[in-house]
Amino acid sequence: MRQVVKTYAPGFGLQVVEVPHRGGTTDPDEVRRAATDAACVIFQQPNFFGCLEPAPDLAAAANEAEAVAIAHVDPISLGVLEAPGNYGCGLAIGEGQGAGNYQSFAGPHYGFLAARSEFTRRMPGRIVGETVDAAGKRGYVLTLQTREQHIRREKATSNITTNQTLLALAGLVYLSWLGPQGLREVGETCMSLGRYARERLRETGVELVFPERTTFKEFAVRVGRNAKEAIRQARAQGVHPGYALGRDYGGLDDAILVAVTERRTAADVDRLVEVLAG
Amino acid sequence: MKLLFEKSQPGRRGGGPPQHGLPRADVPDELRRAEPPRLPEVAEPELLRHFTELSTRNFGIDTGFYPLGSCTMKYNPRVNERLVMVPGFRDIHPSQEEDAAQGALELMWRLQQALIEISGLHACSLQPAAGSQGELTGLMLMRAYFTDRGEGAQRDTVITADTAHGTNPASVTMAGYKLAKAETDARGNVDVAHLRQLVNERTAGLMLTNPSTLGLFDENIEDVAKIFHDAGALLYYDGANLNAVCGISRPGDMGFDIVHINLHKTFSQPHGGGGPGGGPIVVRDKLEPFLPVPAVVRDGDAYKLDYDRPKSIGKVRGYTGPFGVFVRSYAYIRSYGPRLREMSETAVLNANYVLARLKGAYALPFDRLCMHEFVLSARNLKREHGITALDVAKRLMDYGFHPPTIYFPLIVPEALMIEPTETEAKETLDAFCDAMLEIAREAADKPELLKEAPHGRPVKRLDEVRAAKRPILKYGFGEHAPPEVEPGEARQLEAQKGA
């Protein structure tokens, strides 16, 4: 995500400033200082390492600096984690793959952008609104189209036309199937399985990279040898243990980012532990 | 019909995750959700029926003819849906090591090769998620190219045609360029004399669709390319209308340097209310160093992701693009093989057949052979009977057809932009033409029938002004208006809400 933001920012005349993580999460004071002249502060909850950020404090830091707080969230986490709109964020964005789409080697998936109503007329893309027909019957139309490229052309809020509606529809069906209770249970399952995996791995001598942090779905472990080598060995035994963090971060060549979601079982975790510890 | 929220009963649900009986992991108090999210609460049968009923209220390519101009609403072969669901495609993670994703990478590489051949250019990136992102990526390539040559600050303007899709000028602005607009001449080509006035040392490039949104192949395209290349500028091909020329002519041979291809138009996808899409870009060799990373490359018998591109504009999207879209489009291209030309020839033939049958009844602003689509005007019906393009479009729904694109391109008053595609039978085209001709007669005999159309759809004409003036963009729970209310009553409800 950081790389994509850097690609787009110059065309909008924006500069990207990165606040480094401290032990797996972000320091709100550092965000406050960095945000003095910022248009917005974007943070991820959970972040790339799977760690839970002090999200309400980060949003407060952004708001104190009069920057828009933007939370990049995993929708599956929002049955257990507080909604960004309830702790001062102006926008919430995210990837919907985990909520109703196949992995499919990165797409097609849906993303989402949710905004406070004050931003409505600046949003990109299609927006559906409710209205009535000539007989007073409820119906739906694409609305606020004077934002859009086919009407406003070079003054449009974006160039977007084609979208990922079919994938978003699958997400809608999935979230409607879960309901509030089901969504919470999926989040709780991710967390309890994740805790079980972390504890089992620790018992076998695998070290957590950020042992002090609470995590959701993903967490980083040190495997005591080159991570790429460890992944290759594990794959030979039929287990793909995760992502080699050395690809993105210096000093983490022996670290793997492990993901444990509701799709796994305790037996899957036991097998992972066996393979990684072996 | 009721909304899913209105069918909701507390405590009901479709299902949830398997229970593992493991101890709970606590969420820190300051991060825990205080109130549960207000999602619908319905059992699975009600859920299934709800969405099935909604689907019957839609008109789609699987329910009937859908000649929506510039959108290339062709049939999506069902074999593509089977291929995309092959577990080895469906269930692979984008972070898998290259040696664990060779099949996916090979498919992407082969699709790139096919698009390079179709475009007549040299290098391809599949990363952009749809045409609009392809356009933006192409313009960022343009900027990177000129910046690399030390002309980045000097070349600050991109030219588009007055017939351009709205995305073109919108992309120009988003990429940080100034916009200049070229006019259309009397034959429907870009006005070459006007272009000569516009092009100068500040010009970065031209964005053009060929055939244009009028459905006309630009007869002066080589002269146009020369004007820009002589000025050191680049040509960008908006591939929205590529379905007209595959295997017949190539944008690269016409002189274009950057092409985006709408996979979801030319090479078939499900049309799920506007997506999914895929917007690969294909470029001339001098622009290759600037393409997004990672590039999918072949190295002997292996396929790799190449991040070592120091001049690259970076990433425009997470990972390597909408892979499922690639599977379907690659299958579509391979199903034609070397006969791909027949796809475009049939699309052009179908369009000219419909044009020939309709041009007596509707005005034809540019009377030429068309390509894969054409633009009629209802201005004769408006002048003689007060019937607009909108009335014609609404009445077509009563005959069981999706309306064409209307009021676009902007230079044609009362425009009706019709694109039949190659996947329609002659009987379907004839039925559509019969309906259009009947509507033209109705405009004279029973104009009120058209003014009040549609008559047989789930809703009558919808109040768009009201929707925009007092936007209702999310469910209001206890305060939401019921499905059927008198217009006066609805206004009252809204006033109470004070929303």
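This report walks through chain A, its domains, and the surface where chains A and B touch.

## About the model

The structure is a predicted model, in which local features need pLDDT of at least 70, side-chain atom pairs count only at pLDDT 80 or more, and totals for chains, interfaces and linings use all residues. Residues are numbered from 1 along each chain as its sequence is written, while chains are lettered from A and ligands numbered from 1 in the order in which they are written.

## Chain A at a glance

Let's start with chain A, whose C-alpha atoms fill a box of roughly 70 × 45 × 30 Å along the principal axes. Of its 278 residues, 49% are buried (20 or more other C-beta atoms within 10 Å of the residue's own, with C-beta atoms placed from the backbone).

## Domains of chain A

An automatic or database domain assignment splits chain A into domain 1 (2-124 + 163-167), domain 2 (126-162) and domain 3 (180-277). The C-alpha centres of domains 1 and 3 of chain A are 24 Å apart.

Across that pair, 13 residues of domain 1 of chain A are in contact with 18 residues of domain 3 of chain A; contact here means C-beta atoms, placed from the backbone, within 7 Å.

## Where the chains meet

Now for the two chains together: 95 residues of chain B are in contact with 83 residues of chain A. On the chain B side, 51 residues are nonpolar, 24 polar and 20 charged. Nonpolar covers Ala, Val, Leu, Ile, Met, Phe, Trp, Tyr, Cys and Pro, charged covers Asp, Glu, Lys and Arg, and the others, Gly among them, are polar.

Methods: Buried ≥ 20, exposed ≤ 12 C-beta atoms within 10 Å, placed from the backbone.
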